[in-house]
Each structure stands twice: as structure tokens, then as C-alpha cells.
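Could you walk me through this structure, stop by stop, while I have it open in my viewer? I would like to know what to select next and what is there.

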Amino acid sequence: MEKIAAAVRERAKRALATGEVDRVFAWKRGEFWYDVTPAVFETADETDELLWDSFCVANLSKYLTGAVRQGFKVGVFVKGCDALAFNQLLQDNRISRENVRLFGLPCPGMVDPEKLKKAKRYRGVRAVARAGDVLALQGKHGEQQVEAPAYLYDKCLVCRHPNPVVYDELLAEPQPVRTPDSDRFALVNELEAMSAEEKFLFWQEQFDKCIRCNACRNICPACSCEKCIFDNGESGVAAKANADSCEEQFFHLIRAYHVAGRCVDCGECSRVCPAGIPLHLLNRKIIKDIQAIYGDYEAGLDPNVPAPLATYRLDDADPFDGHQKGGKK
Amino acid sequence: MKKIAKDRLPELLQKMAEAGKVYAPVNKGGKTNFSVWQPGDAADLTTLRSAVPAKSVLFPQSETYLRFAQQGKKLSIETVGGEADEYVLFGVRACDAKSFALLDKVFLSEPVDQFYASRRELGTVVAVACREPEDACFCRAFDIAADAPAGADVCVWDTGDDLFWLVQTEKGERLTARLAGLLEDAGAADDAALPALQAQIRAQLDELPLAALVAEKKHQALKQLFDDEQWLACSESCLGCGTCTYVCPTCHCYDIQDYDTGTGTERSRCWDSCMFSDFTQMAHGNPRKTQKERFRQRFMHKLVYYPNNYNEIACVGCGRCLEACPVNMNIVKVMKKIGGEAR
């Protein structure tokens, strides 16, 4: 991974030095081993701080909405999930393709520091090097090697597009897909098997933890409204007040329905939630249903394929006829 | 010093709960937060930081404080909110305990915030030393002793087998007296074990990645700091969510709103976040139009405005924002960039 990181740095440096782009969106080294921040690079000199490692999990595509609007030519690094997000932003007319140079990065899956912490592998680590699926945890008292898959984000373990689905150039060899696509619906299946009462209690406990920080919304590449209804003081909802659990439930369900058919299942909502709410399960349930009703469709795969929920066809399936109906059983 | 076997903690909490509410860190739905302890709840002393800071007990995220109702020509106004009975806040870490002292300076200055004041007065705070500080911790930069929490009524140390219990104040004395049947006197061996445990904690603090961080009041002129060109670079990655402010033990801005309940009106307040686009939204518009200004507000408040008023930085180094920010932009990075003194 270090070799690829050098190539990534070199490519960004060249793009800025030659004037190919005005700005590069990439990741920057932080204060310690898992502290990586998305950053904008404007000169070739700054790129020494540019980073590609196991902690570059943050999606850079959404930053393009601002930069492209300002008329900059930008370069951006995209992993598989970031590329899906990029395509979705294109399809939603939030960015334009021509001013963007896409550097594709096949992704081996990103490491979740929480998992290292839980496994007691965390203490004393100063740096993490990686070769394939072997992580070398380097500390003051030497190096410890562990298998990466045990410590990847859950979302990376069921990743179906480790390789960018759109790019101008690819900076590394493609990565294999780890698991069959059906695996990502395992938890959705468990939820579906619950009674209506159990489902309600499950989500109530989860939504009760919500602090209304809007991290899920702001990181979401499908949440690209110029002004969100929940930021509208005239809307009559207590967006900030966290006043009763009803509001949290409305917020998350409205958001899930608003991104329905546009969610690329990047999993960022759940990753960033400071309350640990498995928000992606709402979206995944909808994705599963869309596939069941309208056939294979994957948001973000190809911006030229019409989205089933935004397209009416005479031979569309009728979800209320034949598909499982809601309500109490 | 007193002590109790760690496996008898539920009995201890039960005994405390007989006299009033006990707030303790409890894991619900996968996250540990302070909530009113119920029999059967397991207090979580392993998780270092609650997801939401302990300030939520003193200063709840949302609180209704007035009810109005109109009957004919008569308007009735009822004050609600605040705390009416004594309670215990158990399991606060040194950083959160220090945050109370910082919040006090704001809420207990004239005009005193009576809801905050009531909670402060009626609460007995039991702090727990941090046995295993984590990489994002930097409390020592603010002279906070994770091995010996200050500002609490009782200090507790988790030895693994026992909880050592050391009274700090009169309030703590009263709580201890109520628990007389459960707490036993610590022996000479325990008295010797405590400094060893503290030394062990301090040795861990020495090893943390941010151990060398120096947090000093910025000495540059206000205007110079305000105009620092680094604000743009630092804020460019900011998503504008409110995570850092809501997980921050020292953030204390709030918004006030009136609600029509159908039969009357309620006035409530809730935590606000300077990161939000409607923060300081006024009739004429908003003085902070872009994320750069909002971002700058947060850190100027912590690192400049609050210190100018109270001579202390409004940060306790708990590390929550380092862990929770979706893009890992945080106060440590800002402290190093702004004012041009990289350390």
C-alpha cells in the first residue's frame, strides 16, 4: 500500500505542478495513526502531506459539489464507494463531469480503529503499515502482524465495488470482491423476520440515541439538497430540539425515503453516526425491495441508466400486487 | 479511604437510588451514555467516554422551561424545568468533571441560569479515574489529572477487583454516610496500592500520541487571530454537521423556541451548534454565511473568546471530537495551525 501511496502523491503533485487541475481533493496525515482528514491541495509543495493508507475511509466526492460550482478544475481520488457516490452526484446534477479529473484507487477495505480497540490491539500503536491483507501494527515495543479482514469496517467486508466504477485513470491493480452481494442483506433479512412490534422496539432503541447532529445527512452523497427541510425554521419541526423520539423517527425515515433509489450504499451514514445507529439498514432494506420489485438496479453504477423510482413505465411492477404488503400480521 | 468489591457495584447503585435519581453510564443499543440508572442496568465503567458528555445531565440537550396558557383574558405562566430533588451523577471522568467547572463560569455568572444552578446544587458527582486512557485523550494539556479527578464530590478508582472510594467534599461525605453499610474501610495495603495505580495511569498518559501537546492561551491580537488565513484551509474539510459541538463537554450554546401545543404554548431550549447554517440566523440574515465563519466561531470561542473572559481554554481534552468527527478535523489540528505556532 505504501508503494501505491507514493504513486498517489506523485500523481497529485504532477497534476498541480502542470496546471492540469487547480485543486486536488485527497487525504492528509493527521496527529496520529488513524487520524486522517480529507483536505484540499492547491500547490504541488503541499502534497508531501498527502496520504493513502488504511484509514482513508472518508468519501471525497461530496466535496466536489462546492468546488465544481466555483468553477475550479479539480482532481479527486475515488475508491469504489466514492466512485458510486460520484456517479450519483452526476445523475442528480450536482456536479459536472468535465471539470473533474478522477483518479481511481482500487480499495483493499478500510480499517476500523474501533475494532482494533475492541480486540485490544490498539494500545501503543504508532503506525499501521499494510501489505495486502496483512496489517503491521507498529508500536514502541515492536511490530505485530494481524490479518486485515478482522479489522475492516463492516461496510468494507460486504463491499461489492472495491474498484472504482468510473475513473479517468486507475492508480493500482484491481482488488478482488470479498463476499457475494447477498451477504450485505443478512441483517436486513434478520430485521424482516421480526414482528412489527419487535421492529418498532429495535428502531425505537436505536433512534433514541440520536442527537440530531446531522452527520448522517451531511456526509451522504445522496443528500445534496441546497437547503434541507430540517434546516428550515418555518417547517414547524423541532429539528434541533431532540424533544421527543417521534421527531428522530421522522427525521431518519424521511431521509431514508428521500434517498431511496439514490442511496449507493456507501455505508458512510452508519460509520459517522456518533450514536452508533445502524442507519444503512434502512437504506439497504429499500435497496433490497427496489431490486425485488424493479429488477437489478444499482444506484451510482451508471448515471445514464434511468432510476426505477424516478421513471414510470407501463409495465412497472405494482408493489402492492404480489409483493409483500406492510402492516401488522 | 473506603472501598467496595467491584461486583457489588449494583448494590451500591441500588442503595444510592433509594434516596433519589442516579445517573450512571449505561450501554443502550450499543452506546454508553449517562441515563437514569434502573435496577438491572449494568453501569459501564469500562467505556472511557460516554458518546454524549456528562454535561447532558446538568444541561440537557432539550428542556422545556415555561408553559403559557390563556384562559379568557388571563395568561398563566408556569415555570417548569430544572431539578427539584437531590440526585447522584456517578461515573464521571476527570475531563467531564472539569467541564462542569468551565460551564459553571458561564451559567452561574449573573444572570444565573436557575435550571443549571438547581442541577448543580442538587447533584452529587462521583468521578472515576481513567484506568486506560486512549490515543485521542489529551486532558493533560489542560492540567487535568485523569488519575486523580478534581472537582467531584467523591473520587473512585477501579482496581479491577475493587472500587476505591475517596471523599472530596461535604456532599460526598453525606453520600458516603448513606452508603455506610456497603462501603468498608480500606486497609493499609489499599492505601499503598492507590499511589501505585495512579503512577501506572500517569505512565500511560506519558505514552499517548498527544502527550506533548501544549495548550496555551493565544497571545496574538484578536483581530490577527480572527483574520488568520488558516481558517479557510482548516474549515474546507468540515461537513457542517453538529457532531463536534454535541459531543463536546464544554460547548454550551443553546437556542430557544416556542411551541404551540394546541392547548397552550411551551418555551423550550435546546443545544445549538455554531456549525449549523441557522446558527445566529436573525431577521436581517446571518452574519456567518459560510462554513468558514461557522467553523471559526467554534474554535475562536474555545481558544480565544472564552479564555479572554475566563482566563482558561474551553477544552478539556476528552478527545470526543477527535473520535467522532466524520472527517477527523478537530481542535488539536486547529490549535496547532491558528496563530502560527506549530508544536
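How many helices and strands does chain A have? Select chain A and colour by secondary structure: there are 11 helices and 9 strands. Please keep in mind along the way that this is a predicted model.

**Stop 1: chain A as a whole**

Stay with chain A and zoom out. Its C-alpha trace spans about 60 × 45 × 40 Å along the principal axes. For 329 residues, a compact globule would have a radius of gyration near 20 Å, and the 21 Å of chain A agrees with that. Of these 329 residues, 54% count as buried. If you switch on a surface, chain A exposes about 15200 Å², with carbon and sulfur atoms supplying 52% of it. A contact map is worth a look too: among contacts in chain A with a separation of 6 or more, 69% are between residues 24 or more positions apart.

**Stop 2: the two domains of chain A**

Now colour chain A by domain. The domain assignment gives domain 1 as 2-109 + 157-170 and domain 2 as 186-322. Place a centroid on each, taken over C-alpha atoms, and the centres of domain 1 and domain 2 of chain A are 26 Å apart. To see where they meet, select the contacting residues: 20 residues of domain 1 of chain A are in contact with 25 residues of domain 2 of chain A.

**Stop 3: the nonpolar cores**

Next, hide the surface and look inside. The largest nonpolar core has 143 residues, and Trp52(A) and Phe77(A) are the ones with the most contacts inside it. Helix α3 (residues 94-107) of chain B gives the most to this core, with 7 residues. Domain 1 and domain 2 of chain A both give residues to this core, so it lies between them.

Centre the view on Phe77(A) and show what surrounds it. Leaving aside neighbours within four places in sequence, Phe77(A) is in contact with residues including Val8(A), Val24(A), Phe25(A), Trp27(A), Leu50(A), Leu60(A), Phe103(A) and Leu171(A). Asp82(A) is also one of the contacts of Phe77(A).

Apart from the largest core lies another, of 27 residues. To find this other core, select Ala260(A), Cys269(A), Leu279(A) and Ile290(A), which are among its members.

**Stop 4: salt bridges**

Show the charged side chains next. Over all chains, a search of the whole structure finds 51 salt bridges.

Begin with Glu114(A) and Lys117(A), whose closest N and O atoms are 3.1 Å apart in a salt bridge. Both residues lie in helix α4 (residues 113-118) of chain A, 3 residues apart, which is about one turn of the helix. Are the two partners buried or exposed? Glu114(A), at 36% relative accessibility, counts as partly exposed, while Lys117(A), at 17%, counts as buried.

Then move to chain B and select Arg119(B) with Glu63(B), whose side chains meet in a salt bridge at 2.9 Å, N to O. Arg119(B) lies in helix α4 (residues 114-122) of chain B and Glu63(B) in strand β4 (residues 62-71) of chain B, so this pair ties together parts that are 56 residues apart in sequence. Both Arg119(B) and Glu63(B) are buried.

Keep Glu63(B) in view and add Arg269(B): these two side chains also meet in a salt bridge, 3.5 Å from N to O. Because Glu63(B) lies in strand β4 and Arg269(B) in strand β12 (residues 265-271) of chain B, the pair ties together parts 206 residues apart in sequence. Arg269(B), like Glu63(B), is buried. For the wider picture, select Lys21(B), Glu63(B), Glu83(B), Asp113(B), Arg119(B) and Arg269(B), which are linked in a network of salt bridges.

**Stop 5: backbone details**

Most residues other than glycine have a negative phi, and most peptide bonds are trans. Here are some exceptions to visit.

- Glu110(B) and Pro111(B) are joined by a cis peptide bond, with omega about -5°. Look for Pro111(B) in the loop between α3 and α4 of chain B.
- Asn93(A) has a positive phi, near 60°. Its place is the loop between α3 (80-91) and β5 (100-104) of chain A, and at 65% relative accessibility Asn93(A) counts as exposed.
- Asn328(B) has a positive phi of about 55°. You will find Asn328(B) in the loop between α11 (320-324) and α12 (331-337) of chain B, and at 13% relative accessibility Asn328(B) counts as buried.

Conventions. Residues are numbered from 1 along each chain as its sequence is written. Chains are lettered from A and ligands numbered from 1 in the order in which they are written. This is a predicted model: local features need pLDDT of at least 70, side-chain atom pairs count only at pLDDT 80 or more; totals for chains, interfaces and linings use all residues. Side-chain values use heavy atoms; hydrogens and water are left out. A nonpolar core is a set of buried Ala, Val, Leu, Ile, Met, Phe, Trp, Tyr and Cys residues joined through side-chain atoms within 4.5 Å. Buried means under 20% relative accessible area, exposed over 50%, partly exposed in between (1.4 Å probe, protein chains only). Helices (H or I, at least four residues) and strands (E, at least two) are DSSP runs, numbered from the N terminus. Domain bounds come from an automatic or database domain assignment. Contact means heavy atoms within 4.5 Å. A salt bridge is a side-chain nitrogen of Lys or Arg within 4 Å of a carboxyl oxygen of Asp or Glu. The radius of gyration is taken over C-alpha atoms; the globule rule is 2.2 Å times the number of residues to the power 0.38. Accessible areas come from the Shrake-Rupley method with a 1.4 Å probe; for residues, only the protein chains shown count as cover.
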